[in-house]
Amino acid sequence: MNAARRPLLLSGLVVAALLAACSKDEFNAQIPETNKEPTSAQIEGNVFEPALVPATDQRIAQLRVPAGFTIAKYADSLGKPRQLAVSPAGHVYVTNRETGTVTLLRDTNADGKADQKQVVATIKSVHGITINNGQMYLATIKEVFRAPINSNGTLGQLQQLINNLPDAGQHPNRTLAIGPDGLLYITVGSTCNACAEPNPEHATMLRANADGTNRTVFASGLRNTIGFGWHPQTKALYGFDHGIDWLGDEQQKEELNLIKQGAFYGWPYIYGDGNYSPHPRPMGDTTYAQILAKTTLPALSYNAHAAPLAMVFYTATNGASIFPAEYQNDAFVTMRGSWNRSKPSGYNVVRVHFENGVPTRIDDFVTGFLVDNNRSQFGRPVGIATLPDGSLLFSEDNNGVIYRVSRQQ
C-alpha cells in the first residue's frame, strides 16, 4: 500500500468517519456526548509533501499575481527566513529561528531590492517580531525581549521582559504585537495535535503590559494562531488558527476568528461550524453540547492544512507602489502549505476581503509556487509586511527568499 494513502485506524479513540458526506448534525450524531459510550472511527490519512526545487528565475517568472501587479525577489540567500517587520524608516527586519538571528535588510538605491544585510541581534530560537514606537519586540519559545531601534536601523541594548512562556511542544513559534490599546499580545500554540492541555496558557492568546508584566490569558481554545492583526477601522482583532491534523484531506479547515477577550474557540473539542472532534472527548460529565454552547465559531474558513503563518492589514495611502483603493483595510495572509493531505493546499498568499469591517471572502493573491503538476514547490510563504512605498513583502523559508509585490509602473 502507498504510504501516502494509508488508512489511519485509531481503535476506540478517534478521528472521524464520513466527514465529507455528513452534515454537521449527522456527523455529531455519530459521536456520543460523553465517554459513557465508545467512540470508534476510521479515516484515510494522507501525507504528501511536494519536493523542494530551486527558485530559478524561470520559475519566479511564472508566479501569478493579479493584473496590474508584479512580483520579484527583494532578497535571497537568507537561509530560513521567518517573520518580517518594517520600521517607519523603511528598514526591513527578518527573523531566523534556526540560526537565532535578526537580520536588517536595506535597499540603499531604492531599486526594489535589498543590497545590504546586517545581523543586528542573535537570540536562540527567535521567531516573533514587531515594532512599536521606536522599539523592537522579539519572541522566542519562552522569552520576550525589547530593544530600541537606532537611527541607522541597528538595535540598542536588549532587555528581557518575559522568561517563562509555556514550553514548546508541537507548536513553538511565538508571535507578538502591540495592540491599539498599547498592550502586548503573544500567541502560544498547543503542545499537541489535539489534547487536553494541563497548562492553561497553551493554545491561547496572551495579553500583558508593554513591559511584560500582568500577563493574562486573553482568549483560549486556539490551537495555533500565529498570524493575527487588528482591523484598521474597527480595531477588532482577527487571527488565523491552524486546524487539527488527521481528520482527513478536507478537515479541519483553517479558521479566521474574530478574537475577543475571554472568548473560547473550541479546540480541542469543537471545530468548524460546530463539529465535534472525536478525540479527545470531554472529561467527566461534561458534554460536547455544553462545550459547543460556549464556543465562538469562526468568521471564515480556508482550505484544510494550508498552514496560515502571518497576517497584515493593508493601510498604505501614499508611495510609488500603493495598491488600488479597493485593497485598503483588507488583509493579506501567508499560507505556508500542507503536508497532511493527498493534494497540496496553501503554498500561496491570500487576500481576505473586508466589507464594513467584516471579513466576507478569501481570494488567492500570489500563486505559482507549486510546480511539476503540484509535485514540487519552490517556496513556502511565512512572514509578511508592507514597505513605506506601499509594496508588499513576504518571506519563504525553503529557498531563503523574500519577495516584493508592487504595482506595475
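**Figure 1. Residue classes lining the largest cavity of the predicted model.** The lining of the largest cavity in this predicted structure is made up of five nonpolar, three polar and three charged residues. These residues are Gly 221, Arg 223, Asp 241, His 242, Ile 244, Gln 252, Glu 255, Tyr 265, Trp 267, Ile 270 and Tyr 271. The space inside the largest cavity comes to about 50 Å³. One cavity of 30 Å³ or more turns up when the whole structure is searched.

**Figure 2. Two cis peptide bonds, at Gln 252 and at Pro 268.** The bond from Gln 251 to Gln 252 is cis, with omega near -10°. Gln 252 sits in the loop that runs between β18 (237–241) and β19 (254–259). Trp 267 and Pro 268 are also joined by a cis peptide bond, here with omega of about 5°. Pro 268 belongs to the loop between β19 and β20 (270–271). Most peptide bonds are trans. Gln 252 and Trp 267 both appear in the lining of the largest cavity.

**Figure 3. The largest pocket.** The volume of the largest pocket is about 1100 Å³. Its lining consists of 39 residues, and those nearest the centre of the pocket are Thr 130, Ile 131, Met 311, Val 312 and Phe 313. At least two lining residues come from each of β5 (84–86), β9, β13 (176–178), β17 (225–230), β23 (308–313) and β29 (381–386). Sorted by class, the lining of the largest pocket holds 24 nonpolar, 14 polar and one charged residues.

**Figure 4. The second largest pocket.** The second largest pocket encloses about 430 Å³ of space. Of the 22 residues that line the second largest pocket, His 171, His 242, Ala 307, Arg 336 and Trp 339 lie nearest its centre. The lining of this pocket divides into five nonpolar, nine polar and eight charged residues. His 242 also belongs to the lining of the largest cavity.

**Figure 5. His 127 and its surroundings.** His 127 lies in the loop between β8 (116–122) and β9 (128–132). Its relative accessible area is 1%, so His 127 counts as buried. The side chain of His 127 comes to 3.1 Å from the backbone oxygen of Arg 174. Beyond its neighbours within four places in sequence, His 127 is in contact with Arg 82, Gln 83, Thr 95, Arg 97, Ala 139, Asn 173, Arg 174, Thr 175 and Ile 226. Arg 174 is thus named both as a contact of His 127 and as the residue whose backbone oxygen the His 127 side chain reaches.

**Figure 6. His 202 and its surroundings.** His 202 is placed in the loop between β14 (184–188) and β15 (204–208). His 202 is buried because its relative accessibility is 8%, below the 20% cut-off. From the side chain of His 202 to the backbone oxygen of Asp 167 the distance is 2.7 Å. Residues up to four places away in sequence aside, His 202 touches Pro 166, Asp 167, Val 188, Gly 189, Thr 191 and Glu 197. Asp 167 therefore appears among the contacts and also supplies the backbone oxygen reached by the side chain. Between the C-alpha atoms of His 202 and Tyr 288, which are 86 residues apart along the chain, the separation is 21 Å.

**Figure 7. Positive phi at Ser 125 and Asn 329.** Most residues other than glycine have a negative phi. Ser 125, although not a glycine, has a positive phi of about 65°. Ser 125 is in the loop between β8 and β9, the loop that also holds His 127. With a relative accessible area of 22%, Ser 125 is partly exposed. Asn 329, not a glycine either, has a positive phi of about 70°. The loop between β23 and β24 (331–335) contains Asn 329. Asn 329 counts as buried, its relative accessibility being 14%.

**Figure 8. Confidence along the chain and the N-terminal residues.** The average pLDDT of the chain is 91, and 92% of the residues score at least 70. Over residues 1–21 the pLDDT stays under 50. For residues 1–21 the model has 53 contacts beyond four places in sequence.

Note on methods:
Residues numbered from 1 in each chain as written. Predicted model: local features only at pLDDT ≥ 70, side-chain atom pairs only at ≥ 80, totals over all residues. Heavy atoms only, no water. Helix = DSSP H or I, 4+ residues; strand = E, 2+ residues; numbered from the N terminus. Buried < 20%, exposed > 50% of the residue type's maximum accessible area, 1.4 Å probe, protein only. Contact = heavy atoms within 4.5 Å. Polar contact = N/O pair within 3.5 Å; in protein donor to acceptor, adjacent residues only side chain to side chain. pLDDT = per-residue confidence, 0-100. 1 Å grid on protein atoms, 1.4 Å probe; cavity = no way out; pocket = protein on both sides within 12 Å on 5 of 7 lines; lining within 4 Å. Points joined across faces, edges and corners; volume = space filled by probe spheres on them. Nonpolar A, V, L, I, M, F, W, Y, C, P; charged D, E, K, R; others polar.
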